[in-house]
Amino acid sequence: MSDQNFRAILTGSFSTPCKDNPTGAMIEAAWKSDGTNARYVNCDVKPENLATAVAGAKAMEWVGFNCSMPHKVSVIQHLDGVTDAAELIGAVNCVSISDGKLTGDNTDGKGFLESLKSVTDPAGKRVLLLGAGGAARAIAVELGLAGAASVAIASRDVSKAEEIAKLLAENTKSEASALPWDGDIDVPQDIEILINATPVGLGDAEAMPDVNVETLGGVEIVADVIFNPPKTRLLRTAAEKGCTTLDGLGMLVNQGVIGVEQWMGKKPDAQVMADTLKDIFGA
Ligand code: NDP
């Protein structure tokens, strides 16, 4: 019998469209650097093929996979269970497969929190979150669980912000509120952390969320979920006003680290992952 092992550990991602997703490139760079024989396959899976793709991953004994748009909610019906955070958020972006059982988690908010903790402890902080979609919901829940003093959610559709505020009020100790967002929003003076969780800025370095920039000066930290390009106009403007800024690359790296650790019980090298993304996006 040979000691050699030609069988790679298999993971990947199911989404559509998937061609702009750099997660596989960053994770495989880390595996290459430490000699791990594993693959991350970025798969374009249409909604009507999700069930077959999940069954395929299970049949091929993948250790896990990520789910991105549009499968973050619909994948839940194909799983054996979800974590408490995914249950609260109502969406799954990371599935672990162990002993044939599929468990869904949501690492969007956890990845953001890890990144935020590199510049501040969110406990006791007052936060304004722009947007009320999937990323905002995941970030709001994790901020609440991390003990933020207050989380205000601003949305063009205030009913979506109210839904997240209700979720926080019922499940965390944070004070939660919803703000209508119509035109340039004034950042309230007591806000310490401002987070853009809208797609504004994605693929467009000049796009700017509707924010009154004159009210940015008092904010301690301005963060963006956008990773391409990483230096968004919001972050450049905030830096000019003296705020500490945090780009979306850290969130992307950290959720990759968390996912791989859940699948394989071993953290990949976050620095190799960050450097790979910086190369890809010219940061
Ligand atoms: P969703 O579509 O679920 O939500 C988007 C939210 O942004 C909605 O509340 C939407 O409001 C709002 N919005 C969109 N355009 C505008 C606008 N012009 N002005 C004000 N509000 C706006 O998307 P996700 O939450 O899943 O993702 C948001 C962004 O986060 C994406 O660009 C994604 O790439 C990024 N992301 C980054 C990650 C990372 O690792 N860095 C991880 C996950 C996501 P409305 O309902 O009114 O349209």
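1. How many bridges join strand 5 (residues 94-98) to strand 6 (residues 101-105), and do these strands run parallel or antiparallel? In this predicted model, five bridges join the two strands, and they run antiparallel. Within this pairing, S96 stands opposite T103 of strand 6. Between strand 5 and strand 6 lies a loop that holds D99, a residue that has a positive phi of about 50° although it is not a glycine. D99 is exposed, with 4 other C-beta atoms within 10 Å.

2. Strands 5 and 6 belong to an open sheet of six strands, which has the order 2-1-3-5-6-4 and mixed pairing. Strand 2 (38-44) and strand 4 (81-82) stand at the edges of this sheet, and because each has a single partner strand, one side of each is left without a neighbour in the sheet. As general background, strands of a sheet pair through backbone hydrogen bonds, either parallel or antiparallel.

3. The domain assignment divides the protein into domain 1 (9-106 + 251-281) and domain 2 (109-247), and the centres of the two domains, taken over C-alpha atoms, are separated by 25 Å. Their contact takes 12 residues from domain 1 and 17 residues from domain 2. On the side of domain 1 that touches domain 2, helix 3 (84-89) and helix 8 each supply at least two residues, and helix 8 gives the most, with five residues. That side of domain 1 is made up of eight nonpolar residues, three polar ones and one charged one.

4. The ligand deserves attention at this point, since both domains give residues to the shell around the ligand, and the ligand therefore lies between domain 1 and domain 2. The ligand is surrounded by 25 residues, of which G133, A135, T198, P199 and G248 are the closest. Helix 4 (108-117), helix 5 (134-145) and helix 8 (249-264) each supply at least two residues of this shell. By character, the shell consists of 13 nonpolar, eight polar and four charged residues.

5. Turning to the interior, the largest nonpolar core has 82 residues, and the members that touch the most others are L129, I139, A140, V151, I153 and V222. Helix 5 provides the largest share of this core, with eight residues, while domain 1 and domain 2 each contribute at least three residues. Once its neighbours within four places in sequence are left aside, I139 is in contact with G109, F112, L129, I195 and A197. More generally, nonpolar side chains in soluble globular proteins tend to be buried together.

6. Strand 10 (residues 193-196) links several of these observations. I193 and I195 point one way from this strand and L194 and N196 the other way, and all are buried. Strand 10 is joined to strand 7 (residues 126-130) by four bridges, and these two strands run parallel; L129 has I195 as its bridge partner in strand 10. Strand 10 also pairs in the parallel sense with strand 11 (residues 221-224), over four bridges, and here the bridge partner of I193 is I221.

7. Two further buried positions help a new reader to get oriented. S155, which has its place in strand 8 (residues 150-155), counts as buried because 23 C-beta neighbours lie inside 10 Å. Not counting residues up to four places away in sequence, S155 touches G131, A132, K160, A161 and W181. A274 lies in helix 9 (residues 270-281) and is buried, with 20 other C-beta atoms within 10 Å. With residues up to four places away again set aside, A274 touches L249 and V253. Although A274 and I27 are 247 residues apart along the chain, their C-alpha atoms are separated by 9.7 Å.

8. Some backbone details merit a check by eye. The peptide bond from T16 to P17 is cis, with omega near -5°, and P17 is found in the loop between strand 1 (9-15) and helix 1 (23-34). A cis peptide bond also joins N228 and P229, where omega is about 0°, and P229 lies in the loop between strand 11 and helix 7 (233-240). E61, in the loop between helix 2 (50-59) and strand 3 (64-67), has a positive phi of about 60° although it is not a glycine, and with 11 C-beta neighbours inside 10 Å this residue counts as exposed.

How values were computed:
Residues are numbered from 1 along each chain as its sequence is written. This is a predicted model: local features need pLDDT of at least 70, side-chain atom pairs count only at pLDDT 80 or more; totals for chains, interfaces and linings use all residues. A residue is near a molecule or strand if its C-beta atom, placed from the backbone, lies within 6 Å of it. Ala, Val, Leu, Ile, Met, Phe, Trp, Tyr, Cys and Pro count as nonpolar, Asp, Glu, Lys and Arg as charged, and the others, Gly among them, as polar. Domain bounds come from an automatic or database domain assignment. A nonpolar core is a set of buried Ala, Val, Leu, Ile, Met, Phe, Trp, Tyr and Cys residues joined through C-beta atoms within 7 Å. A residue is buried if 20 or more other C-beta atoms lie within 10 Å of its own, exposed if 12 or fewer, and partly exposed in between; C-beta atoms are placed from the backbone. Two residues are in contact if their C-beta atoms, placed from the backbone, lie within 7 Å. Two strands pair if DSSP finds at least two bridges between them.
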